[in-house]
Amino acid sequence: MALLEVKNLKMYFQTMRGYVKAVDDVSFELNKGDTLGLAGESGCGKTSTALTILRLLPWNGEILGGEIVFDDVDIVGMNDDQFRDKFRWKRISAIFQGAMNALHPTIHIGDQIAEPIIAHENVGKKEALERAGKLLDLVGIGASMINRYPHELSGGMKQRTVTAMALACNPSLIIADEPTTALDVIVRAQVLKAMRELQQKMNLSMIIISHDLSMLAETCNKIAIMYAGKIVEFGSVVSIFKEPIHPYTAKLIGAFPSVVGPKTQLSSIHGFPPDLLNPPSGCRFHARCSYAMEVCRTMEPKMVEAGGKEHMVACHLVGA
Amino acid sequence: MSQDVCIEVQNLKKYFPVKMGFVSTLMSKRVPQVHAVDDISFVIKKEEILGLVGESGCGKTTTGRLLLRLLPATAGKVYFKGLDVTAITDENEMRRLRRKMQIIFQDPYESLNPRMGVFDIIAEPLQLLKVAQNLEELRERVMEVLEDLEMTPPEEYIYRFPHELSGGQRQRVAIARAFVLRPEFLMADEPVSMLDASIRSEVLDLLLGLVKKHHSSFLYITHDIALARYICNRIAVMYLGKIIEKGPTEDIILKPLHPYTEALISAVPVPDPTAKRSDIVIKGEVPSAINPPSGCRFHTRCPYVMQVCKTKEPKMAEIEKNRYVACHKYKA
């Protein structure tokens with residue numbers, strides 16, 4: 001049973017020069033307990049997808065079609081008040097990019113964690129603070145730090161604080177956008193370990209958005225690769241990394257260096273991602289693809305099952 | 001000094017005074033100092049690529065800036081082909097040296113002047129240092145370096161402004177500006193960390209091609225030890241202002257000796273979900289560089305800590321051939 005089902009989602013940004021097709025016909029499914037890694041280069045629409053699910057779009061972002069079904073309820077059609085009352089924080093919460101700057105500098109971290117609890121649940125301040133303390137214990141900071149200010153914490157601790165905040169109202173889905181990008185290697189490993197343990201303990205579902213495939217390989221069980229507003233490949237983490245089918249996925253994985261095993265050649269993809277104001281016809285990757293055929297220039301490839309169960313890919317090389 | 005050495009650093013130190021308020025300045029006897037770089041020594045041979053690796057705040061960027069004398073050193077010496085860079089007082093002499101020592105900065109979105117065209121950006125160092133004799137030579141050198149960086153045809157790019165270029169192209173312009181002088185020594189501080197993974201290795205390959213073409217020595221400063229593996233001949237690992245391990249790249253990656261290096265490498269995520277990893281995650285975060293721990297600076301987090309580590313600072317010693325480690329675990 002899928003917890004979250006995104007079907008043919010389209011979200012465009014309206015600009016002076018036309019629509020920027022940031023999320024264009026994106027579909028995927030997330031089961032309970034799954035950790036989905038949404039990967040791709042900057043500007044491919046991964047953050048836009050997350051903001052659409054959270055309904056935190058800027059004024060010029062417009063949902064032009066598709067469904068987001070969360071627990072059998074379509075949240076696209078829902079009005080803002082309803083979504084805020086019933087879903088945001090309580091069912092779906094978020095960890096944003098740059099935890100360093102996501103915290104208010106002059107409010108105790110305990111109060112900041114208590115804030116969504118007070119706003120969304122019918123509890124008093126005392127009880128909310130008690131729960132905030134428990135959450136701080138849970139993420140490994142300790143309830144004794146409840147009256148600290150963000151500047152008194154290190155980067156890793158701030159990241160954990162933001163994680164605690166996301167857990168405040170017991171959500172079933174957490175969307176984390178580049179949760180560890182600003183952290184150093186060793187602290188990042190600590191935070192990721194803590195996040196993995198929490199996720200298992202609480203049977204959380206997560207969507208982790210990152211450009212760093214190495215990090216996703218260690219944290220997720222499913223991977224979706226996005227390119228120019230579309231998901232081009234989707235599958236289990238092992239099948240994506242071991243048997244990538246889309247040329248873009250293969251090249252992208254090959255671009256990440258490794259510290260284990262023999263040294264291999266790093267791959268690179270010539271050129272740069274297309275302008276989403278006027279995306280190329282056919283397959284959006286065709287200009288940079290070394291296997292591009294005539295059909296790729298004109299016809300858009302459909303998502304088809306390939307290479308095993310639940311491994312979907314949109315490429316003309318499959319079945320051609 | 002032997003002929004094949006390009007840069008030699010001896011006991012280099014850089015302390016920054018901590019900014020204090022007026023009252024505390026009056027009250028305290030001594031100004032606290034950040035020990036950004038504390039007594040490091042290393043050598044970069046001719047045509048060698050050395051990687052300086054460490055977490056943020058370990059002093060790697062400061063080290064790079066000291067080498068080019070973009071910062072004055074507190075103590076210690078930096079020799080460029082036998083010439084003491086820290087002792088130069090004559091501005092003209094320093095200027096002549098700048099022709100031979102160049103730098104590439106991290107962020108191509110900030111290091112290029114948005115109001116200058118690509119041609120002017122690349123030609124500026126040639127003009128400032130009066131390298132080109134005439135306009136024709138100037139043009140030739142700019143075109144050549146653009147072609148080396150595969151920005152072809154160069155005519156298409158020289159009239160553009162930085163905002164008309166993609167991130168990868170901008171960084172190529174930043175590289176072009178450094179290489180148009182054909183430097184003997186080049187330092188790059190995280191030159192590709194702002195770029196997307198898909199174009200990172202392309203830009204690196206072009207950069208390395210130029211390093212080879214001009215027989216330059218190269219100091220590559222990075223936090224990404226996995227990427228350093230693909231670039232450097234040797235690696236030096238820094239922790240809290242000190243170099244704690246140095247040696248040939250593959251030896252360090254596959255068999256790190258210092259416990260910090262070991263932890264650093266095991267913390268690097270691997271793009272392979274089936275890879276078997278040792279699960280050493282050390283606790284805590286890097287201590288403050290204002291009051292660095294006594295003895296070995298890593299002792300507060302080290303899983304193998306002994307009594308001696310807390311009091312005595314370990315000396316750098318050659319444990320195996322070409323492998324230098326500063327750790328009490330090993331007896332030289």
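**Exercise 1. Which residues in helix 4 (residues 109–120) of chain A are buried?** Then find what covers the buried residues of this helix.

*Solution.* Start with the status of the model: it is predicted.
Step 1. Apply the cut-off: a residue is buried if 20 or more other C-beta atoms lie within 10 Å of its own.
Step 2. List the hits in helix 4 of chain A: Ile109(A), Gly110(A), Gln112(A), Ile113(A), Ala114(A) and Ile117(A).
Step 3. Recall the helix geometry. An α-helix has 3.6 residues a turn, so residues three or four places apart point the same way.
Step 4. Look for the cover. It includes helix 5 (125–138) and helix 6 (155–167) of chain A.

**Exercise 2. Trace the open sheet of chain B and find its edges.**

*Solution.* Step 1. Write the strand order: eight strands, 6-7-8-3-9-10-12-11, with mixed pairing.
Step 2. Take the ends. Strand 6 (101–104) and strand 11 (317–320) of chain B each pair on one side only.
Step 3. Add the twist: neighbouring strands are turned by 25° against each other on average, direction ignored.
Step 4. Place the helix. Helix 2 (residues 60–67) of chain B packs on the sheet and touches strand 3 (49–53), strand 7 (185–189), strand 8 (217–222) and strand 9. The direction of helix 2 makes about 155° with that of strand 8 of chain B.

**Exercise 3. Set two strand pairs of chain B side by side: 6 with 7, and 9 with 10.**

*Solution.* Step 1. Strands 6 and 7 of chain B run parallel, joined by four bridges. Here Ile104(B) stands opposite Ala188(B).
Step 2. Strands 9 (residues 234–239) and 10 (residues 242–248) of chain B run antiparallel, joined by six bridges. Ile235(B) has Gly247(B) as its bridge partner.
Step 3. Check burial in strand 6 of chain B. Met101(B) and Ile103(B) are buried on one side, Gln102(B) and Ile104(B) on the other. Both faces are covered.

**Exercise 4. Which residues have the most contacts inside the largest nonpolar core?**

*Solution.* Step 1. The core has 193 residues. The best connected are Ile175(A), Ile225(A), Ile122(B), Tyr220(B) and Val237(B).
Step 2. Follow Val237(B). Leaving aside neighbours within four places in sequence, its contacts include Val53(B), Ile243(B), Tyr260(B) and Leu264(B).

**Exercise 5. Describe the side of chain B that touches chain A.**

*Solution.* Step 1. Count the residues: 33 from chain B and 37 from chain A.
Step 2. Name the elements of chain B that give two or more residues: helix 7 (197–213), helix 8 (225–231) and helix 10 (259–267). Helix 7 of chain B gives the largest share, six residues.
Step 3. Sort the chain B side by type: 19 nonpolar, seven polar and seven charged.

Definitions and conventions
Residues are numbered from 1 along each chain as its sequence is written. Chains are lettered from A and ligands numbered from 1 in the order in which they are written. This is a predicted model: local features need pLDDT of at least 70, side-chain atom pairs count only at pLDDT 80 or more; totals for chains, interfaces and linings use all residues. Two residues are in contact if their C-beta atoms, placed from the backbone, lie within 7 Å. Ala, Val, Leu, Ile, Met, Phe, Trp, Tyr, Cys and Pro count as nonpolar, Asp, Glu, Lys and Arg as charged, and the others, Gly among them, as polar. Two strands pair if DSSP finds at least two bridges between them. Axes are lines fitted to C-alpha atoms, for helices over the stretch in contact, and angles run from 0 to 180 degrees between N-to-C directions. A residue is buried if 20 or more other C-beta atoms lie within 10 Å of its own, exposed if 12 or fewer, and partly exposed in between; C-beta atoms are placed from the backbone. A nonpolar core is a set of buried Ala, Val, Leu, Ile, Met, Phe, Trp, Tyr and Cys residues joined through C-beta atoms within 7 Å.
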